[in-house]
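Q: Could you take me on a close look at the sheet that the two chains build together? I would also like to see what surrounds it in each chain.

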Amino acid sequence: MTPFVWWSSRADRYSWWLALFAVMASLAVFAPARAKEAAPLAADEAVEKRLVAIASELRCLVCQNESLAGSHAELANDLRREIRTMIGQGRSDREILDFMVSRYGDFVLYRPPLKLTTILLWFGPVVLLLGGLAALVAYLRRRNRQVVAAPLSLEEQGEAERLLNMEGEQQ
Amino acid sequence: MLPELGQFALIVAFCVAVVQGVLPLVGAHRRQLRWIALARPAASALTLLIAVAFGCLTASFVQNDFSVLYVAQHSNSLLPLPYRVAAVWGGHEGSLLLWVMMLALWMLAVAAFSRQLPDAMVARVLGVLGLVTAGFLLFILVTSNPFDRLLPGAEEGRDLNPLLQDPGLVIHPPMLYMGYVGFSVAYAFAVSALLSGQLDAAWARWSRPWTTAAWVFLTFGIALGSWWAYYELGWGGWWFWDPVENASFMPWLLGTALVHSLAVTEKRGSFKNWTVLLAISAFSLSLLGTFLVRSGVLTSVHAFATDPRRGIFILAFLVVVIGSSLVLFAWRAPKVGLGGRFGLVSRESFLLTNNVLLVVACASVLLGTLYPLVIDALGLGKLSVGPPYFDSVFAPLMIPVLFLIGVAPFARWKNASIAELSRTLRWAFVSAAIVGGAAPLLMGEWKPLVALSLVLAVWIVATAGLNFVVRVQSTRAGRPFMAACRQQPRSFLGMHLAHIGVAVFVVGVALVSGYQAEKDVRMDIGDTVEVGGYTFRFGGVRTEEGPNYTALVGDVELQRSGRVLRVLHPEKRSYVSSAMPMTEAAIDTGFLRDVYVSLGEPIDRARPDGPWAVRVYHKPFVDWIWGGCVLMALGGILALSDRRYRLAARAAAPVAGVADQAKA
């Protein structure tokens, strides 16, 4: 633990500012600069966590397929600031996402909403999985009825022996 | 002069490809020995011609010949030599030439390493590859000629996209394309088998090493791309479910399924139709990926092309390739035998379940990738399908896959008993549950999803170890244990190594997504920030001149418990030719964690020597993600070096020849 840990304690905002002021003052008076704990860009870590969570669900509209959380673009910075403000106003995640959709349309959501046009998208994989497994079981049952233990032809027997001889050497 | 020579070589190559695509195929059908014999020399000539064209384009780049349009668009006289060479595949036209170059190299390899195969079979395989090459060469010549002149020539080139000026991007595309294109060999083998009607175990045996080799390249290629995105794009992610990434991931998923189903077809003669269909699909998805990336229907990091003519050509090509293969399949498949009998619970059925899961996973990725395009095309609005969708659909499908990795190697061919399997595996399961379930506590916080992933990872490793011991014991025959260990076939070891690679990958993914910590801070000179037990001390930003860019280089001291470990240098580069600044993250790589620093923006734009917005990350186990991929690929290489392939290359030639005559 560094001696600077107490500065990062969010509970004691007042002393934090005091300390910052003290450091600034000392910076102004004495050179070279003294180390201090860097200020987070966000005032509150809980807010920042929520911001990252919300922003990862959103598309940066001016970038090439990048989330709002990752983007360094101007618009992304502005939108993140706006979301931060909305969090500060006590709005819920749902409300913030709804606000973004009302402004930019569904395109802004990386998790498409469930509606008539996205039913296939959301249920497609489940249907494929169940259908695939059902087809697999049906196929295996039918196959087992069809395959009779047919004796090998002479040619096949020769081939089998050749293969067995080769594999026998290494197994 | 050189560009014209290259152009000429391409035209001649197209003619040779057509000849190679027609005569040997017809010859094999009619048993015309001379036409069959044409396949190998034609393949060599074709490869040589394409290599000449490729060499001409490379030379134009090296000499900064800005009278060639493509060179003027993608290079610059200030560009360092390695990047001038890599710039050959920095744009659409050159990427396609690289595609064809890789295809030619695979073709040459088939011609060289298939001495033990019947000539008619080789002729068919090379013929099919010739047709594919002809299609691509026509595409290049008609819509995307890299040798088009710019008259009068430009004084200076426009420069390579700065994102691509990176060592990772020098090797990533060739690797990826080797994998992509490699599935064309599996495809050619499948189509040849359909054409000849000899869809037998021998066919599976021959196409198996080629499929594995393509899969190894693709695995390396995808891992390299992911690693590049991690350190180059500057926001610390390693996979973005970007359509271009998906385009390479879908063939990988099907290729993985194919590797497994080929094993069954070779050993047991079952699933022949299914295997053929997978081989066709894997290559079709490679083509579809090329279409998606190259036609410009997507707008993403990699898609540079926007000419609709190209899109229509590839789409037509896609339809012809997939359509004709499926027609051929529908015609021939019903005549193929079913192979041996096996029970509902058997190694066959486990592998088939693996196939179903991988194919459904691949189809889901395809659905998510194409859905926005389709909705948009139908005029139903604009949608984004991003990581939250893919994560929630893909991850659940992988849980049974990971579980089955542990079970299937113990299941007997033909008939396995669930009771016996659970008896053999119960202790492995209990230990995996305990170790994997408790391990998240070491990270300081227990998270259910991390625990589930770790249980599965430990499960895979434990069962692989157990399976190895069981096998050694059963083949020991009185010899010492270690001696028996060394006797195990490499394909067996390769399988387990690849599976352990999957486990290592899962550990990396689970731990980094569960426990990574990041901080976005404002740093003045001398400021420190602590994340994940490491302290970063910001020493300011200075200016440094690169060959074709100006960089703002930060000095960030990395400390732990008061001791300076090293100084990291994150950069912000402005390239001479591009307005977009590039972020170069600085990473301290470690076995158990990466620490990652990237520069945001100066707080006051006018004062880059003042305070900066800096982002720091602590990413536990992130390198295990790529380490796992490397292990998977090494497993593939180990399997390829198996004794029977070396033996087959030397000894089997006369046998195969005789067998072929008997069949003819």
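**The shared sheet and its surroundings**

A: Let's begin at the seam: A:Pro40 stands opposite B:Val521 in strand E1(B). This is a predicted model, and the picture below is read from its coordinates.

That pair belongs to the place where the two chains meet strand to strand. Strand E1 of chain A covers residues 39-40, and it pairs with strand E1 of chain B, residues 517-523, in the antiparallel sense over 2 bridges. As a reminder, strands of a sheet pair through backbone hydrogen bonds, either parallel or antiparallel.

Now step further into chain B. E1(B) is joined by 7 bridges to strand E10 of chain B, residues 612-620, and these two run antiparallel. A pair to look for here is B:Asp520, whose bridge partner in E10(B) is B:Arg615. E10(B) also pairs with strand E9 of chain B, residues 593-602, again in the antiparallel sense and over 8 bridges. In that pairing, B:Leu599 stands opposite B:Val614 in E10(B).

Put together, these strands belong to an open sheet of 5 strands with antiparallel pairing, in the order E1(A)-E1(B)-E10(B)-E9(B)-E8(B). The edges are E1 of chain A and strand E8 (586-589) of chain B; each has a single partner strand, so one side of each is left without a neighbour in the sheet.

It helps to set this against chain B as a whole. Chain B has 21 helices and 10 strands. Its radius of gyration is 27 Å, close to the 26 Å that the globule rule gives for 664 residues, so chain B is as compact as a globular protein of that length. The C-alpha trace spans about 80 × 75 × 55 Å along the principal axes of chain B. Of the 664 residues in chain B, 53% are buried. Among the contacts in chain B with a separation of 6 or more, 74% are between residues 24 or more positions apart.

For a view of the helices of chain B, try B:Pro173, which is found in helix H8, residues 167-196. B:Pro173 is buried, with 24 other C-beta atoms within 10 Å; the cut-off for buried is 20 or more. Leaving out residues up to four places away in sequence, B:Pro173 touches B:Trp89, B:Ser95 and B:Leu98. Helix H6 of chain B runs over residues 92-112; at 1.5 Å a residue its 21 residues should span 30 Å, and its end C-alpha atoms are 30 Å apart, which agrees. H6(B) is mostly covered, with 17 of its 21 residues buried.

Back in chain A, helix H3 (residues 74-88) is a nice one to turn in your viewer. Its 15 residues should span 21 Å at 1.5 Å a residue, and the end C-alpha atoms are 21 Å apart, which agrees. The buried residues of H3(A) are A:Ala76, A:Leu79, A:Arg80, A:Ile83, A:Arg84 and A:Ile87. Seen down the axis of H3(A), its buried residues fall within an arc of 145°, so they line one face of the helix. Their cover includes helix H2 (45-56) and helix H4 (93-104) of chain A. On the other side of H3(A), A:Glu74, A:Asp78, A:Arg81, A:Thr85 and A:Gly88 are exposed. H3(A) is followed by A:Gly90, whose phi is positive, near 80°.

Conventions: Residues numbered from 1 in each chain as written. Chains lettered and ligands numbered in written order. Predicted model: local features only at pLDDT ≥ 70, side-chain atom pairs only at ≥ 80, totals over all residues. Helix = DSSP H or I, 4+ residues; strand = E, 2+ residues; numbered from the N terminus. Rg over C-alpha atoms; globule rule 2.2 N^0.38 Å. Buried ≥ 20, exposed ≤ 12 C-beta atoms within 10 Å, placed from the backbone. Contact = placed C-beta atoms within 7 Å. Expected span 1.5 Å × (residues − 1). Arc of directions from axis to C-beta. Pairing = 2+ DSSP bridges.
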